[in-house]
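Dear colleague,

Please find below the structure that I am handing over to you. My notes on what was found in it follow directly after.

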Amino acid sequence: MKITDGKVFVCSPGRNFVTLKLYTDEGIYGLGDATLNGREMAVVAYLEEHVIPCLIGRDPFQIEDIWQYLYKGAYWRRGPVTMSAIAAVDMALWDIKGKALNTPVYNLLGGPSRYGVMVYGHASGGDIEEVVDEVGRYLEMGYKAVRAQCGIPGLPTTYGVGRGKLFYEPAEKGLPPEHIWSTEKYLNFIPKLFQRLRDVYGDDVHLLHDVHHRLTPIEAARLGKELEPYHLFWLEDPVPAELQESFRWIRQHTTTPLAVGEVFNSIYDAHLLITEQLIDYLRTSVLRGGGITHMRKVAALAELYHVRTGFHGATDLSPITMAAALHFDLWVPNFGIQEYMRHTPETDEVFPHTYYFQDGYLHPGDAPGLGVDFNEELAARYPYERAYLPVNRKEDGTMFNW
Ligand code: CS2
Ligand code: MG
């Protein structure tokens, strides 16, 4: 079999998605997700100008060799643009191989290790009682795990708070909006939220919280300590994680489990975190982390050090990434949890898929390949619209850590 062509599609059925389609001389095609929130067109150019021409004529079954060729051959290694582009190619190749061999991708990886993939949903609200209601709504839908985010009293907006909407979208159209942040107000408030949630829902539900990289190590240590009585499943992205050593300071102060890595793009972003056992869950998704091929290696290293997977699954990862993640999750021995931020019905229509939700678990379905398709005609009705994540300033105007 030979790769004959590759096309990149950009569409916006509610939000922007970049989709790669690789064609073969046997009529089988593969799909990959290349969406990089707020920097979409950089990956489009990378694929169209620099990657697709090098793939024509290659054997799509040589997944490992093509991965090494794109990673090592570029000379300029790593980075979110490069790794998202490589991931899209890698997903498409696993999809092609599964279709050609008539088997779901989880079988190519080693077969299922569990019945389903435990997911967590996003409950949020403007105040504590709104969050209480939202968590209840997720529990009624069957979720076993819920992430809770809340508006902070005294701050006009808080990132990650969708206020009761099942389909929350963090990016906003136009130029980046600016939000105001106060660490003091946040730190004083958040333990009260989890105290109330435990009072109402008891100990059985898994509760998670995302800090969105907003604290220093010692502030994160304080938060982790104060949340210990409410035994979170995890505390996510407590600090900006370019400096892996930061986690040493958090780790020595608290037993609250730590998760990080949605912005990581290679094993070298996490090797110290893993080998020093500074975290409990690694969030790097199949899309950000160079595809299934590279994430297998990352997961294998993590397994040796008691670190489990907890893949990023926000709306800016398309249903193609969600499908690839679910095949991986169903197989990977050291699975922890999968984020599941629901896509809008418009997005699901553009990307019809076999994965389904049941009783708090997602299952990838049993179709050959990834089990997801792309409706080009429908996608063409939703052209690209520039959109960005918000930036943060402190109350005095200082640009703040993301
Ligand atoms: C969040 C995301 O899902 C998460 O954990 O951190 O909403 C994240 O901010 C976006 O995916 C960024 O594109
Ligand atoms: Mg996050």
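A polar contact is here a pair of N or O atoms within 3.5 Å; within protein, one must be able to donate a hydrogen and the other to accept it, and residues adjacent in sequence count only if both atoms are side-chain atoms. This is a predicted model, in which local features need pLDDT of at least 70 and side-chain atom pairs count only at pLDDT 80 or more, while totals for chains, interfaces and linings use all residues. Residues are numbered from 1 along each chain as its sequence is written, chains are lettered from A and ligands numbered from 1 in the order in which they are written, and side-chain values use heavy atoms, with hydrogens and water left out.

**Ligand 1**

Three side chains each place a polar atom close to an oxygen atom of ligand 1: glutamate 262 at 2.6 Å, arginine 283 at 2.9 Å and aspartate 210 at 3.0 Å. Of the accessible area of 340 Å² that ligand 1 has on its own, the protein covers 93% (Shrake-Rupley method, 1.4 Å probe). The ligand has 15 residues around it, each with a heavy atom within 4 Å. Asn37, Tyr159, Glu262, Asp316 and Glu339 come nearest. By class, the shell holds seven charged, four polar and four nonpolar residues; Asp, Glu, Lys and Arg count as charged, Ala, Val, Leu, Ile, Met, Phe, Trp, Tyr, Cys and Pro as nonpolar, and the others, Gly among them, as polar.

**Aspartate 237**

Aspartate 237 is placed in the loop between β9 (234-236) and α8 (246-251); helices (H or I, at least four residues) and strands (E, at least two) are DSSP runs, numbered from the N terminus. Its relative accessibility is 0%, so aspartate 237 counts as buried (under 20%; exposed is over 50%, partly exposed in between, protein chains only). Its C-alpha atom is 9.3 Å from that of arginine 283, although 46 residues separate the two along the chain.

**Aromatic rings**

Rings of Phe, Tyr and Trp (its six-membered ring) pair if their centres lie within 6.5 Å, with planes under 30 degrees apart counted as stacked, over 60 as edge-to-face and the rest as tilted. The count comes to 16 aromatic pairs. Tryptophan 67 and tyrosine 71 are stacked because their ring centres lie 4.8 Å apart with planes at 20°. Both residues are buried. One aromatic cluster is formed by Phe9, Phe17, Phe351 and Phe374.

Yours sincerely

Notes
Buried < 20%, exposed > 50% of the residue type's maximum accessible area, 1.4 Å probe, protein only.
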